[in-house]
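Let's take a walk through a protein model together, one side chain at a time. Keep the 3D view open and click along as we go.

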Amino acid sequence: MVISKVMRLVSISILLLCFLSISIQVIGQNQSALKFIQNKGQWNDDIDFQADVPGGRVGVSAEGFSVQLLDMAKAEEQHVAGHKAYSEATGEIVDEPIPGHFFKIKLLGANQQARIIIGEPLDGHYNYFIGSDSCQWAAHVLSYASILYEDIYEGIDFRVSSQGNNLKYDFIVEPGADPSQIKLEYDGLNDIQKKNHNLELTSSIGTLSELKPFTYQQQAIEKQHVASEYQLNGKVASFSFPDGYDECQELVIDPLLIFSTYSGSTADNWGSTATPGEHGTLYSAGITIQAVGRSFPATTGAFQTSHGGSFDMAIIKYDSLGSRFLYATYLGGSENDTPTSLLVDENSEELIVLGLSSSPDYPTSSGALSETFNGGSTITNGVLNTSDQWDIVITRLTSEGDVLVGSTFLGGSGNDGWNVRESYGGPLTVNYGDEMRGDVITDTDGNVYVSSVTTSSDFPIIHGVDSVYAGGSDGVLVKMAPDLTSIIWSTYFRGIWL
């Protein structure tokens, strides 16, 4: 019975993954507009909102924009190389750091206490379970299509929105207000120049374009164009109006920051697993580099972001049509985390997540079976191109994804959940991704069954049919209490290289 359920789950997951894995290009990056996600304590408090843009992220505050970019061409090159090296079993992956660049667009002299006005939130919500400190977790985080800072300068509002995957922002100048108050300082760039009426922003990994602002005044139902130009003084830009404008009417200055000039791709993310949910809903899960530089760096200019600590789990819940997401949850610690299997418990309608973690601070629940990371020897992972120690992790989430009902480490002093690579002699890792396989199901009482692998001779065995570690990579079968606080039974499933 257990085996048939597992096979059915695997079959369904493969079908759903084919349909949904593209969606894990987390989370809204492929939509027609940016989503500005509110900061409820999951990020540094120097930003109010954050949005994913092609190849990076933008933080928004009354001070202006914090822009973090990664060299996605380099990231994709390393990812493809990882596929080739692994599938051909040619040996170790070269783990080179991915170049990145961080800079700020500061609103000089802006009112830091400007009142924030937001409209109706977009569909769905986000949950962040990052690290072991529950005070840093954030649930029901909403996103918005636009944000307005009222009176960022005297008589001038600052509105942030998007056009496609590019950043759009407006300065709304009230009648009689002085637009010369607006000064944009580009801090941390390699160079900034005015070319063909646009601003060319040069970073260490590529060039972005700040398009000539479209400036207008509303006349009845039409927009009356107003000639405008950037004035560039060193790294500070302001606006001029060579033909003047009607100072008795509202003036809107509307620039557009284009990201696709430096990067044709979005952040690198991969789907791992999927499952049907309650009432026809769908879940997919994968890994995302959203965790890279999760807190914006304290200094501006170029930096290097290494693979270590790059990957968090990202889980998305969709409606029954698969047309919109109901929530998105980030799950992980300060190192690398990846999901291997999902299942919705039929009775509680809670989501069970099985995965691997190299994070000592992976979020666990009070009273969990194990709140301590055991780890193992450092090994090279051919899927993530990282060097890590691994424990199995199991997490139980409410149907809204906003509460950890239970979450625990599972393993011994060796690596757990990691299937020995082909290049190390493991015979079962012949396909890309085979290093990280496992499955989870529940029974009618909500008990959780896990099938995985271990290299731990001291894996916690309770009432096991086979309590002796055979060496190499052994299979393990575990039955756990619904709240993940105890093992009901567990056993090795013998094999020299299982």
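Start with a small detail: a polar atom in the side chain of glutamine 218 lies 3.3 Å from the backbone oxygen of glutamate 222. Keep in mind that you are looking at a predicted model. Glutamine 218 belongs to strand S16, which covers residues 206-219. Is this side chain buried or exposed, or something in between? With a relative accessible area of 39%, glutamine 218 counts as partly exposed, because that label covers the range between under 20% (buried) and over 50% (exposed). Now look at who else is around. If you skip the neighbours within four places in sequence, glutamine 218 is in contact with Lys223, Gln249 and Glu250. Take glutamate 250: it sits 32 residues from glutamine 218 in sequence, yet their C-alpha atoms are 7.4 Å apart in space.

Next up are the charges. Side chains of opposite charge can pair when their charged atoms come close. How many salt bridges does the structure hold? The count is 13. One of them joins aspartate 187 and lysine 235, whose closest N and O atoms are 3.4 Å apart. This pair links distant parts of the chain, since aspartate 187 is in strand S13 (residues 184-187) while lysine 235 is in the loop between strands S18 (229-233) and S19 (236-240), 48 residues apart. The two ends sit in different classes of accessibility: aspartate 187 is buried, at 15% relative accessible area, and lysine 235 is partly exposed, at 37%.

Try another pair. Glutamate 200 and lysine 195 form a salt bridge as well, with 3.3 Å between the closest N and O atoms. Here glutamate 200 is partly exposed at 25% relative accessibility, and lysine 195 is partly exposed at 37%.

Now for a pair tucked away from the surface. Aspartate 345 forms a salt bridge with arginine 396, and the closest N and O atoms are 2.9 Å apart. Aspartate 345 lies in the loop between strands S26 (337-344) and S27 (351-357), and arginine 396 is in strand S30 (391-397), so the salt bridge ties together parts that are 51 residues apart in sequence. Aspartate 345 counts as buried because its relative accessibility is 2%, and arginine 396 is buried too, at 3%. Salt bridges can also share partners: Arg159, Lys168, Asp170 and Asp254 are joined into one network that way.

Some of those strands meet again in a sheet. Four strands make up an open sheet, in the order S26-S27-S30-S31, with antiparallel pairing. Why do S26 and S31 (404-410) each have one side without a neighbour in the sheet? They stand at the edges with a single partner strand each, so one side of each is left free of a neighbour. On average, neighbouring strands here are turned by 15° against each other, direction ignored. Zoom in on S30 and S31, which run antiparallel and are joined by 6 bridges. One place to look is isoleucine 394, whose bridge partner in S31 is threonine 408.

Finish with a charge that has no salt bridge. Arginine 57, in strand S3 (residues 56-61), is buried, and the nearest side chain of opposite charge, aspartate 52, is 4.7 Å away. That distance is beyond the 4 Å limit, so the two do not form a salt bridge. What does the side chain of arginine 57 join up with through a polar contact? The partner is the side chain of glutamine 50, at 3.3 Å.

Key: Residues are numbered from 1 along each chain as its sequence is written. This is a predicted model: local features need pLDDT of at least 70, side-chain atom pairs count only at pLDDT 80 or more; totals for chains, interfaces and linings use all residues. Side-chain values use heavy atoms; hydrogens and water are left out. Helices (H or I, at least four residues) and strands (E, at least two) are DSSP runs, numbered from the N terminus. Buried means under 20% relative accessible area, exposed over 50%, partly exposed in between (1.4 Å probe, protein chains only). Two strands pair if DSSP finds at least two bridges between them. Axes are lines fitted to C-alpha atoms, for helices over the stretch in contact, and angles run from 0 to 180 degrees between N-to-C directions. Lys and Arg count as positive and Asp and Glu as negative; His and the chain ends are not counted. A polar contact is a pair of N or O atoms within 3.5 Å; within protein, one must be able to donate a hydrogen and the other to accept it, and residues adjacent in sequence count only if both atoms are side-chain atoms. Contact means heavy atoms within 4.5 Å.
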